[in-house]
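Colleague: I am new to this structure. Please take a close look at one part, the salt bridges, and set them in the context of the whole chain.

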Amino acid sequence: MENEKLNSRTIERVFVTGASGFIGSALVDLLSRQELDIRCLVNKSPLTTNSTGVGTVQGNLINFEWRFLEGYKPDIIYHFARIPGRTKKERQHSAIQNAKANERLINWLQNQQNPPLLVFGSGTLVYGNHGSDWVNESAEVHPVSFQREYFEAERPVLQALKQKGLPINIVRPPWIYGTGSWFEWFFWKHMQEKKAVPLYSDGQNYMSLIHIDDCAGLIHHIGKYGEAGEIYNITSHAPIRQRKFTEQLQTISELPIKKYSGTRLWWQFSREAREALTFSLKSTTKHNSLFEQYQYKYPDLEAGLQSIFQRLKFSEGN
């Protein structure tokens, strides 16, 4: 059956938070190739994009005055900034600060006559471990790993979305592979240093994966065509068991697989990292018609991984 044509939202001005981060920088790169007026909230880290015409506003989530946007009037706010924390205690403190910052944002939106669409970045770790079960946006949240603390920042946004009073979308990507991500820290660096592909635990957990370019592309696709007031699990490749994922890496790298389990896994990683690495979820979506009209850059996992290998090799060579 032929898909119905999607209604496009008029977008001229876009405001991005977290623009120097992993997802935010990829999103700004994508947006800068379109005829849009883009401005980004920048705290300590400068923008990584080389694109001209992208404006910056200095500030952070705690002290940024959202009324600044009343003179700019963005059509969309892509919100991917959060105050980080390295330890559990730091993350708990950051979660409180992030929640208060998001409450300020929601309050500002509620006071606008025609508020912009808010696209808020989350992740599938909020659903918890589901083994081999398929999980869509209707699932209850049971945050695990780093999301135990960070989910507190999402609560004000999720509550506002459920109340249906504001134009809000929450996007929940699965494992996003790319440079500067978990893939680089937990796989690539290990492969370079140990000359082996790591397999964490028994490798039977399911990984839902998406290339960073397609993650950014789908986020903007949702911004343009998605219905406000919805949660979107961003999907791409079919879920794959971690063992199969490492076998793909083995094929590309021609390195042996080295298993980490038991006490070895326990002592090498924090509880949060262990949970993330062995977390199992098959992410799916209720919004198939929307995603079917997006043209994936990397619909094939092997091709996507090859592209990341090339980028990492290039960056190390420079």
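Modeller: What follows goes from the whole chain to the salt bridges, and then to two covered places.

This is a predicted model, in which local features need pLDDT of at least 70, side-chain atom pairs count only at pLDDT 80 or more, and totals for chains, interfaces and linings use all residues. Residues are numbered from 1 along each chain as its sequence is written, and side-chain values use heavy atoms, with hydrogens and water left out.

Start with the whole. The protein chain has 10 helices and 15 strands. Helices (H or I, at least four residues) and strands (E, at least two) are DSSP runs, numbered from the N terminus. The C-alpha trace spans about 60 × 45 × 45 Å along its principal axes. The radius of gyration of the protein chain is 19 Å, which agrees with the value near 20 Å for a compact globule of 318 residues. That radius is taken over C-alpha atoms, and the globule rule is 2.2 Å times the number of residues to the power 0.38.

Of the 318 residues, 51% count as buried. Buried means under 20% relative accessible area, exposed over 50%, and partly exposed in between (1.4 Å probe, protein chains only).

Now the salt bridges. Side chains of opposite charge can pair when their charged atoms come close. Here a salt bridge is a side-chain nitrogen of Lys or Arg within 4 Å of a carboxyl oxygen of Asp or Glu. By this rule there are 11 salt bridges.

One of them joins Arg-13 and Glu-12, at 3.5 Å from N to O. Arg-13 is partly exposed, at 25% relative accessibility. Glu-12 is partly exposed too, at 45%.

Another lies within helix H3 (residues 147-163). Arg-155 and Glu-152 meet there at 3.1 Å, N to O. They sit three residues apart in H3, about one turn of the helix. An α-helix has 3.6 residues a turn, so residues three or four places apart point the same way. Arg-155 is partly exposed at 42%, and Glu-152 is partly exposed at 33%.

Arg-91 and Glu-149 form a further bridge, at 3.1 Å from N to O. Arg-91 lies in helix H2 and Glu-149 in helix H3, so this pair ties together parts that are 58 residues apart in sequence. Arg-91 is buried, with a relative accessible area of 2%. Glu-149 is buried as well, at 7%. Salt bridges that share partners join Arg-91, Glu-149 and Glu-272 into one network.

Stay with helix H2, which covers residues 88-110 and also holds Ser-94. Ser-94 is buried, with a relative accessible area of 3%. Leaving out residues up to four places away in sequence, Ser-94 touches Ile-83, Pro-84 and Gly-85. Contact means heavy atoms within 4.5 Å.

Helix H1 (residues 22-32) is the other covered place. Nine of its 11 residues are buried. Among them are Ile-23, Leu-27, Val-28 and Leu-31. Their cover includes strands E1 (13-17), E2 (37-42), E3 (54-58), E4 (76-79) and E8 (175-177), along with helix H5 (212-225).

The chain as a whole also has many contacts between parts far along the sequence: among contacts between residues at least 6 apart, 78% join residues at least 24 apart.
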